[in-house]
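This report goes through selected local features of one protein chain, with attention to backbone geometry, side-chain contacts and surface character. The chain itself is shown first.

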Amino acid sequence: MVFSSVIFVWVFLPIVLITYYAVAAALRNTADKGQRAKNIVLLVSSVVFYGIGGYKYLLLLMGVLAINYTGGLLVDKATEKKPRLAALSCTVALNLALLFFFKYLNLFVRIYDNFTYAAGGNGTWSEGFMNMLKLQSTGQLEFVDIVLPIGISFYIFQSISYVVDVYRKDAGVQRNFFDFSLYVSFFPQLIAGPIVKYSDVDAAIRGRKETLALFGEGVSRFIYGMAKKVLIANTVASVADEIWKINPERLGASVTWLAAVCYTLQIYFDFSGYSDMAIGLGKMFGFEFRENFNYPYISGSIQEFWRRWHISLSTWFKEYVYIPLGGSRCSKAKLLRNIFIVFLLTGVWHGANFTFLMWGLMYAVLLMLERLFLGKILSKKWVKPIGHIYALFFVIIGWVIFRSDNTVQAFGFIGKMFVAGSGEYSIFSFISVRVVLAIVFGIILSFPVFRGIKNAVAALPEKGREVLGVVETVWQIVLFAYSVIVIVSGSYNPFIYFQF
């Protein structure tokens with residue numbers, strides 16, 4: 001179930017909100033009981049939410065909860081360093097073993113399949129290598145692909161961060177299994193983040209105060225996020241998907257660049273829109289989640305891009321991989337090694353495909369070059385405009401690799417982006433007035449336009465702010481209504497990060 005669906009907006013969310021606030025009102029004079037009851041409402045709602053989207057994997061989610069709840073208790077209970085480290089290591093290993101089985105085993109089976117096929121003389125090594133790059137199976141093993149559970153990467157990483165923080169004493173252990181389960185499985189961020197640290201929500205789980213102002217902020221944030229997802233991301237996604245179905249050999253530069261730009265806008269407005277909705281939903285229930293995006297496409301370097309893109313994932317790798325490896329407080333050689341490892345893992349985290357590995361390695365190389373010398377050049381005032389072009393160029397190329405089904409398609413697509421010729425298709429075969437408007441507004445809203453408007457409004461007299469507040473409320477109602485109409489009238493409503 002996605003947030004931008006009829007069943008979520010008109011059925012699931014209203015029922016949860018009504019139940020939650022009815023319980024809160026009924027038990028408002030008994031703080032402890034009221035808090036426990038509200039948490040149970042949210043936990044049950046989260047289980048139902050996940051069950052609707054993937055009921056077969058509820059047992060897996062319960063297993064992850066049990067492993068990490070127990071792991072946290074064992075780490076906290078141990079007083080000596082070795083037992084604490086052993087408890088942490090076993091817990092993390094179990095998490096990673098589950099992630100490997102469900103997310104990466106298919107890839108390794110295909111590699112083994114093609115290797116043994118070629119080694120046995122049934123095919124050439126070049127055929128086996130090409131099949132492996134295309135993720136094709138020979139069928140000799142009769143292996144049935146394992147289906148990837150929705151959101152497994154997010155809730156396993158979140159669970160690992162909890163156990164590590166308990167080990168470091170950066171967070172207290174949670175002894176209430178239901179409260180711990182709520183932290184991991186809270187439905188706004190369960191299946192696509194943002195990845196939340198336990199210390200960030202511990203106080204809210206134990207005791208929070210919902211206010212009308214915070215609820216209003218949440219509704220506003222949810223509406224804007226849904227509009228980004230439905231009106232921009234879904235519109236340009238239909239173009240990108242249609243073009244990516246075509247063999248790159250039949251395409252020309254104009255069409256491939258159109259697809260690349262559309263996907264660049266799609267993945268940003270799709271994921272940032274979802275994050276906005278998640279943050280908004282959190283506010284409706286009294287939770288404050290950290291921002292996950294900060295206008296990444298205005299970056300003047302790749303380093304800046306990763307400070308602005310998917311901030312919760314970047315922060316996770318920084319705190320739990322990069323800094324433990326030595327961070328930047330080490331020799332230059334080790335620093336480069338640390339960057340390489342982090343972005344190799346970042347690519348691998350996104351999926352079992354060589355395209356994600358290529359994507360991560362591309363960023364690793366660029367960031368190492370920026371650390372060596374390129375960063376100093378880009379920081380010069382007169383070079384900054386070039387820096388923006390450089391960063392956006394490689395971001396777009398990276399998204400082409402990321403979007404492609406396999407590395408062969410990725411190289412073919414990129415090759416066509418830089419070869420003269422129109423191919424068999426014209427861009428007018430794919431665009432319409434609606435698509436053009438989505439692209440234009442997508443480009444404009446990739447800049448901090450609303451931030452500038454809010455700053456201007458804040459400087460107005462109180463009377464002016466009140467008038468504009470009413471205007472914004474009316475605008476949000478119209479935006480919400482139009483988004484719902486689009487959702488009801490259309491069936492195309494994918495979400496990119498569900499696959500991770």
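## Two residues with positive phi

Tyrosine 295 has a relative accessibility of 15% and therefore counts as buried, a class that requires under 20%. The coordinates are those of a predicted model, and in it tyrosine 295 is placed in the loop between H11 and H12. The backbone there deserves attention, since tyrosine 295, although not a glycine, has a positive phi of about 50°. As background, most residues other than glycine have a negative phi.

Histidine 310 is another non-glycine residue with a positive phi, in this case near 40°. Histidine 310 belongs to the loop between H12 and helix H13, the latter spanning 311-322, and with a relative accessible area of 0% it is buried.

## Confidence of the prediction

The mean pLDDT of the protein is 90, and 98% of the residues score at least 70. Among the elements of the protein, H12 has the highest mean pLDDT, at 96, whereas helix H6, covering residues 125-133, has the lowest, at 74.

## Salt bridges

The count of salt bridges comes to 17. One of them joins aspartate 76 to arginine 175, with the closest N and O atoms 2.6 Å apart. This pair links distant parts of the chain, for aspartate 76 lies in helix H3 (residues 58-77) and arginine 175 in the loop between helix H7 (152-168) and helix H8 (177-185), 99 residues apart. The two partners fall into separate accessibility classes: aspartate 76, at 29% relative accessibility, is partly exposed, while arginine 175, at 53%, counts as exposed. Glutamate 319 and lysine 197 also meet through their side chains in a salt bridge, at 2.9 Å from N to O. Because glutamate 319 lies in helix H13 and lysine 197 in the loop between H8 and helix H9 (198-206), this salt bridge ties together parts that are 122 residues apart in sequence.

A salt bridge within a single helix is formed by glutamate 304 and arginine 308, whose closest N and O atoms are 2.9 Å apart. These two residues are four positions apart in helix H12, which means that about one helical turn separates them, and both glutamate 304 and arginine 308 are buried. Elsewhere, salt bridges that share partners join Arg221, Lys228, Asp276 and Glu291 into one network.

## Charges over aromatic rings

Lysine 228, a member of that salt-bridge network, also has its charged end over the ring of tyrosine 268, at 5.6 Å from the ring centre. A further contact of this kind involves lysine 103, which lies over the face of tryptophan 349 at 5.0 Å from the ring centre.

## Aromatic pairs

The count of aromatic pairs comes to 65. In one of them, tyrosine 20 and phenylalanine 285 have ring centres 5.0 Å apart and planes at 85°, so the pair is edge-to-face. Tyrosine 20 lies in helix H1 (residues 6-26) and phenylalanine 285 in the loop between helix H11 (253-284) and helix H12 (302-308), so that the pair links distant parts of the chain, 265 residues apart. Both tyrosine 20 and phenylalanine 285 are buried.

Tyrosine 224 and phenylalanine 450 form a tilted aromatic pair, with 5.8 Å from centre to centre and 40° between the planes. Since tyrosine 224 lies in helix H10 (residues 212-244) and phenylalanine 450 in helix H19, the pair ties together parts that are 226 residues apart in sequence. Phenylalanine 450 is partly exposed, with a relative accessible area of 39%.

## A nonpolar surface patch

Phenylalanine 450 also contributes to a nonpolar surface patch of about 940 Å², whose other members are Val433, Val436, Leu437, Val440, Phe441, Ile443, Ile444, Phe447, Val449 and Ile453. The elements that give two or more residues to the nonpolar patch are helix H18 (433-445) and helix H19 (449-458). H18 gives the most, with seven residues. Among the patch residues in helix H18 is valine 433, which at 64% relative accessibility counts as exposed.

Terms used:
Residues are numbered from 1 along each chain as its sequence is written. This is a predicted model: local features need pLDDT of at least 70, side-chain atom pairs count only at pLDDT 80 or more; totals for chains, interfaces and linings use all residues. Side-chain values use heavy atoms; hydrogens and water are left out. Patches are made of residues with over 30% relative accessible area and no salt bridge: like charges are joined within 9 Å, nonpolar side chains (Val, Leu, Ile, Met, Phe, Trp, Tyr) within 5 Å. Accessible areas come from the Shrake-Rupley method with a 1.4 Å probe; for residues, only the protein chains shown count as cover. A salt bridge is a side-chain nitrogen of Lys or Arg within 4 Å of a carboxyl oxygen of Asp or Glu. Buried means under 20% relative accessible area, exposed over 50%, partly exposed in between (1.4 Å probe, protein chains only). Rings of Phe, Tyr and Trp (its six-membered ring) pair if their centres lie within 6.5 Å; planes under 30 degrees apart count as stacked, over 60 as edge-to-face and the rest as tilted. A charge sits over a ring if NZ of Lys or CZ of Arg is within 6 Å of the ring centre and within 35 degrees of the ring normal. pLDDT is the predictor's confidence in each residue, from 0 to 100.
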